[in-house]
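This report describes a protein model for a reader who is beginning to study structures. Please keep the sequence and the three-dimensional view at hand while reading.

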Amino acid sequence: MYSAGLKARTVVSNIGPGSRPQSKGNQEKNLWSSLLDSVASGKKLPEKYLLVLGGNPELQREFLETLESDTSRRPQDRRRKKPPVANEFALGYTYQDVLDADHDDVLARLSIYLLPECSSVYSALVKPLLSPKTISETLVVILLDWADPWSWARQVRDWVRFLKGVVVSMDDDCKVTAEETMQEWQQRRRGAAYEGGTATSDVGVHIPLGQGEWDEPLGLPICVACHGTEKIEILEKDHGWREEEFDFSLQYLRTVLLKHGSSLIYTSLSVPNSLPTLIHSSLGIHSLLKRQTIKHNVIDRDKILVPPNWDSWGKIRVLREGFDVEGISSGWSLDVQFAPKHPPTQPSDPNSADATIDKLTSAPPTERPSSPNNPGSVLPIYEQTILNPYSDRPSTFPPMGEVPLETTVPSMQEFLKSVQEEMVRLTEAEESTSSSSIQPQPSIPSNTDVSTPTRPSSSVVNSLHATHPYNNQEPGKVNEHIGPVQFNMGGIQVDADEMVKRLKEKGEKEKG
């Protein structure tokens, strides 16, 4: 009775003016639609963002393959077509789907932006990527190449200046979000391990920052990846690298990255590493089936891994004695804030992102400790310790600092005129050289008739006959040297000497 009354009330409630009672099939359809909508909203993939700075297109592709590499992937997943990588011009883009441990569920969609060159021109492309919604979901990767480790310090400095310029030029809402993101990262303090992007320390316990930690927060989390560790062997064999060079470069990077709260990892496409775990954990991507733990490694020089908020000055000193941690840390603050005394051409809007980045990234390409423009700089310390083997070769070109970045192209007429002058100069030089090499001819007397040939005097003929080398030799030796003179006459081979001899004998007999 109760159920019948409830059903009647339900039917009556669906009846209104101008409407018909809904059938049972329509009610079931609406029920399934609501269920499917709720499931679809629950299955919506979280989107994370990765901004890769530096490296050429080939190095960036290798880095992406290392990030995506997984030996446990099933064969049917390996045959799946990979998304294209568009990184040939300006700001590149691709994406990756982060799979769970069983490779059945997609945990997140990773949007990857690639920028190879550090120039203020590209600031207008990077700035729209950073909004209050995306800043907390973004990780910046500075990609370095083991093919030129002598330029690492300069590349890191230039990219830090670039990021500082972009963050400074953001609007107030983005700056507030960036500051909150940095505070959140600073609270991820050191614990027993670094798991899933959070430390294992107790909640509510704030460990004070150590010396040199987070002195220069950039507003975005940073990870520095030195890719291509298989080239370490080439540095040892061809360039004579020893443990001192490897330790110094590692200590230097760890010291300057500690100021920005950055992590550090050495990667290679041929050697398994923890790059996917580090990137995914930094972005807060957690596996529901497998617990991911990042273990630091500062011993194996081809598998270095320094998680965020793990390093300290004491740990850096332990690697090798004599390294000036305090001096490098304080001098690095001057390097990343260096402003040249000869500012570049100002844009129309001095408060724009281009203007801000120009002030931070337009330092002279070469700097020396004695230069008055950069007192206290520690960049030359790195470049004088980790020497560039190709810069010691003699060159006829002027130093890089003296070469202007801009040049003027002459007009076509000016160019042709300079070419003509050069050709005339070369022609005159060639003629003077050829005239000096010609021997002067003896002059002919004016009273001599050149039309009728003159016969040389007998004294001249006798002197020439006496000085000829063959005239002083015996006839037998001459004949032996020359050989018999023969010719063909009417198909008969005739000896000329023999014929002359017979003619002479015949003439003598006739006279006698």
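## Loop residues with positive phi

A90 is placed in the loop between α4 (75-78) and β2 (92-99). The structure is a predicted model, and in it the phi of A90 is near 50 degrees, a positive value in a residue other than glycine. With a relative accessible area of 34%, A90 counts as partly exposed, because that class lies between the buried limit of under 20% and the exposed limit of over 50%.

A second residue other than glycine with a positive phi is N309, where the angle is near 65 degrees. N309 belongs to the loop between β10 and α11 (313-319). Its relative accessibility is 9%, so N309 counts as buried. A positive phi is also found just after α9, where G261 has a value of about 65 degrees.

## The chain as a whole

The protein chain contains 18 helices and 12 strands. Of its 512 residues, 36% are buried.

How are the contacts spread along the sequence? Among contacts between residues at least 6 apart in sequence, 73% join residues at least 24 apart. One pair of residues from distant parts of the sequence is D300 and Y266, which are 34 residues apart along the chain, with their C-alpha atoms separated by 9.8 Å. D300 is located in the loop between β9 (293-294) and β10 (305-306), and its relative accessible area of 36% makes D300 partly exposed.

## Helices α6 and α9

Helix α6 covers residues 152-168, which is 17 residues. At 1.5 Å a residue, a helix of this length should span 24 Å, and the end C-alpha atoms of α6 are indeed 24 Å apart, so the two values agree. Since 15 of its 17 residues are buried, α6 is largely enclosed by the rest of the structure.

Helix α9 covers residues 243-259. The expected span for the 17 residues of α9 is 24 Å, and its end C-alpha atoms are 25 Å apart, which agrees. Helix α9 is mostly covered, with 15 of its 17 residues buried.

## Packing against helix α12

Helix α12 (residues 325-336) meets α9, and the axes of these two helices come within 9 Å and cross at roughly 50 degrees. That angle makes α9 oblique to α12, and the crossing is right-handed. On the α9 side, the contact is made by Y252, T255, V256 and K259, while α12 contributes V325, I328, S329, W332 and S333. By class, the residues of this contact are five nonpolar, three polar and one charged. An α-helix has 3.6 residues a turn, so residues three or four places apart point the same way.

Helix α12 also packs with α6, at an angle of about 55 degrees and with the axes 9 Å apart. This makes α6 oblique to α12, and here too α6 passes α12 in a right-handed crossing. The residues involved are A153, V156, R157, V160, R161 and K164 of α6, together with W332, D335 and V336 of α12. The contact of α6 with α12 has five nonpolar, no polar and four charged residues. W332 is listed in the contact with α9 and in the contact with α6.

## S329 within helix α12

Is S329, a residue of helix α12, buried or exposed? Its relative accessible area is 3%, so S329 is buried. Apart from its neighbours within four places in sequence, S329 is in contact with G212, D215, T255, K259 and W313. Of these partners, T255 and K259 are among the α9 residues that contact α12.

## Helices α3 and α10

What angle is formed by helix α3 (residues 57-68) and helix α10 (residues 275-282)? The two helices pack at about 85 degrees, with their axes 7 Å apart, which makes α3 roughly perpendicular to α10. F63, T66 and L67 of α3 make the contact with L275, P276, I279 and H280 of α10. The residues of this contact divide into five nonpolar, two polar and no charged.

How values were computed:
Residues numbered from 1 in each chain as written. Predicted model: local features only at pLDDT ≥ 70, side-chain atom pairs only at ≥ 80, totals over all residues. Heavy atoms only, no water. Axes fitted to C-alpha atoms, helices over the stretch in contact; angles between N-to-C directions. Helix = DSSP H or I, 4+ residues; strand = E, 2+ residues; numbered from the N terminus. Parallel < 35°, antiparallel > 145°, perpendicular 65-115°, else oblique. Left-handed = near helix turned anticlockwise from the far one by under 90°. Contact = heavy atoms within 4.5 Å. Nonpolar A, V, L, I, M, F, W, Y, C, P; charged D, E, K, R; others polar. Expected span 1.5 Å × (residues − 1). Buried < 20%, exposed > 50% of the residue type's maximum accessible area, 1.4 Å probe, protein only.
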